[in-house]
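Student: Could you take me through one part of this model slowly, namely the surroundings of the first ligand, and then carry on into the strand beside it and the other sites that can be described in the same terms?

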Amino acid sequence: MKSRRYYIETYGCQMNEYDSELVAGILEEKNYQSVEDFHNADAIFVNTCAIREGAEQRVMSRLGQYKKRKEDAPNTIIGVLGCMAQNLKDKILTEKPFVDFVLGPDAYRNLSNMLDQYHKDEETLINTRLSRHEVYEGMFPSRKEGINAWIAITRGCDKFCTFCIVPYTRGRERSRSVESIVDEVKRVVDEGFVEITLLGQNVNSYQYENSGFPELLDAVSEVEGVRRIRYTSPHPQDIDDDLLEVMRDNPKICNHIHLPLQSGSTEVLERMNRTYTREEYLRLVDRIYEYLPDCGISTDIIVGFPGETEEQFMETVSMMRQVRFDNAFMFKYSARPYTKAIEFEDTVPDEVKSDRLQHIIDLQNEITLEKNRELIGTTAQVLVEKDSKKSDKQWMGRTDENRIVVFDKNGELPRDVVPLRIYDAQGVTLFGEHLN
Ligand code: 5AD
Ligand code: SF4
């Protein structure tokens with residue numbers, strides 16, 4: 001049979017990257033081959049994100065381009081996958097009638113059968129049912145070559161932060177068995193990956209039978225050939241001493257925690273249903289540094305949550321100065337359907353949100369640069385990833401703490417770990433030189 005060609009475009013988080021790899025695995029089993037340009041594809045899939053309105057708008061306009069492609073090549077299949085499929089299927093079906101498939105994040109196992117059925121009767125097919133159990137055990141994602149492999153260990157979220165749509169688009173939280181995770185780790189090591197990033201909306205609520213997240217980390221680290229283990233994203237509520245102890249004692253687990261703060265105001269945190277206060281978060285940061293003195297800590301922050309006053313915003317600012325995060329992802333609050341916060345009075349005008357966002361972006365840039373400058377003169381173990389953006393005579397790699405380092409090539413190859421002395425810092429990038 002002549003092989004067909006597919007193209008997948010992915011928006012949103014790392015979990016979506018992983019899911020696209022799962023879908024690629026299904027398509028390749030059906031004799032589809034990947035292409036880099038959607039104009040050459042027989043099937044175009046877009047894996048979508050619903051976390052903020054902007055992400056949805058980007059996908060909607062991209063679908064316009066796919067529509068044109070379908071006008072030129074009417075046999076092209078167009079599929080919408082992921083969180084927006086779950087959330088906006090009716091809108092997609094009425095406004096984008098050229099879409100042939102709509103599949104939610106728990107429905108990919110059906111894709112193979114749906115393709116067969118589609119080839120018979122060419123009717124639009126939809127499956128957005130959420131599952132309490134689907135963890136895609138026994139399925140094999142098709143990954144592009146590289147250093148780092150994503151592995152989903154939990155799916156869904158039960159925390160219900162009041163701003164977040166994820167519990168509605170991805171459903172209830174569930175964990176995969178330790179055995180199937182370890183098997184997948186072995187496979188990716190055989191494929192040449194040396195760094196594993198364990199993924200989950202709340203990765204550290206992992207619980208399968210008697211194994212919690214710390215036990216899983218140990219089990220994964222025992223797989224021969226694994227050099228570094230990362231994980232994202234944890235919820236502050238579930239970081240306990242057992243986890244910090246394993247991170248301290250197990251050298252393969254990277255010295256980095258992405259610890260979403262969201263707001264520095266206890267009142268706002270309460271309205272967000274984050275389950276911790278400003279003081280509790282600060283105590284947690286202290287505890288992390290007690291166990292892991294040079295841990296890299298990054299965060300997520302939302303400004304302009306409904307009702308956020310200037311004073312409450314300034315508490316976020318003071319918290320950022322106090323903690324001095326290594327890095328932060330910062331967002332303007334975006335009202336999402338189904339969520340509790342959509343019922344709160346949205347008293348923060350958009351210009352104020354934009355000003356607040358700019359204020360903390362500038363502050364974080366300053367802090368990142370200051371912290372990076374403090375590292376000048378220290379040494380770091382850098383795992384080589386790829387050519388630097390600016391020159392093929394230089395490598396780009398990462399430290400254990402997830403800091404980016406650029407340095408001159410000197411015979412090493414991607415996957416090597418190189419000791420370097422840091423001699424400069426610009427923005428988020430460190431510059432290193434060989435020790436001798
Ligand atoms: N508006 C803005 N940011 C959001 N996030 C989640 N939901 C929203 C929303 N409605 C942010 C949070 C989360 C990150 C993945 O996205 O900071 O940690
Ligand atoms: Fe959303 Fe909160 Fe769940 Fe994270 S923990 S996915 S922010 S509801």
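Tutor: What follows begins with the ligand shells, passes to single residues, and ends with the cysteines.

This is a predicted model, in which local features need pLDDT of at least 70 and side-chain atom pairs count only at pLDDT 80 or more, whereas totals for chains, interfaces and linings use all residues. Residues are numbered from 1 along each chain as its sequence is written, chains are lettered from A and ligands numbered from 1 in the order in which they are written, and side-chain values use heavy atoms, with hydrogens and water left out.

Taking a residue as near a molecule when one of its heavy atoms lies within 4 Å of it, the shell around ligand 1 is made up of Ile-51, Arg-52, Phe-163, Gln-262, Asp-300, Ile-302, Phe-331, Lys-332, Tyr-333, Ser-334 and Arg-336. By class, this shell has five nonpolar, two polar and four charged residues, where Ala, Val, Leu, Ile, Met, Phe, Trp, Tyr, Cys and Pro count as nonpolar, Asp, Glu, Lys and Arg as charged, and the others, Gly among them, as polar. At least two residues of the shell come from each of β15 (296-303) and β16 (327-332); strands here are DSSP runs of E with at least two residues, helices are runs of H or I with at least four, and both are numbered from the N terminus.

Polar contacts are pairs of N or O atoms within 3.5 Å; within protein, one must be able to donate a hydrogen and the other to accept it, and residues adjacent in sequence count only if both atoms are side-chain atoms. An N or O atom in the side chain of Asp-300 is 2.7 Å from an oxygen atom of ligand 1, an N or O atom in the side chain of Arg-52 is 3.0 Å from an oxygen atom of the ligand, and a nitrogen atom of ligand 1 lies 2.9 Å from a backbone N or O atom of Phe-163. Of the 400 Å² of accessible area that ligand 1 has on its own, the protein covers 86%, with areas from the Shrake-Rupley method and a 1.4 Å probe, and with only the protein chains shown counting as cover for residues.

Strand β15 also holds Thr-299, which is buried at a relative accessible area of 0%, buried meaning under 20%, exposed over 50% and partly exposed in between (1.4 Å probe, protein chains only). The side chain of Thr-299 reaches the backbone oxygen of Leu-259 at 2.7 Å, and the C-alpha atoms of Thr-299 and His-258, 41 residues apart along the chain, are separated by 5.4 Å. With contact meaning heavy atoms within 4.5 Å, and leaving aside neighbours within four places in sequence, the partners of Thr-299 include Pro-260, Tyr-281 and Phe-325.

Around ligand 2, the shell divides into seven nonpolar, three polar and two charged residues, among them Cys-157, Cys-161, Cys-164, His-235 and Arg-274.

A disulfide is a pair of cysteine sulfur atoms within 2.5 Å, and by this rule the count comes to zero. Cys-83 is in no disulfide, since the nearest cysteine sulfur, that of Cys-49, is 6.4 Å away; Cys-83 is buried, with a relative accessible area of 8%. The sulfur of Cys-295 is 10.0 Å from the closest cysteine sulfur, in Cys-254, too far for a bond, and Cys-295 is likewise buried, at 2%.
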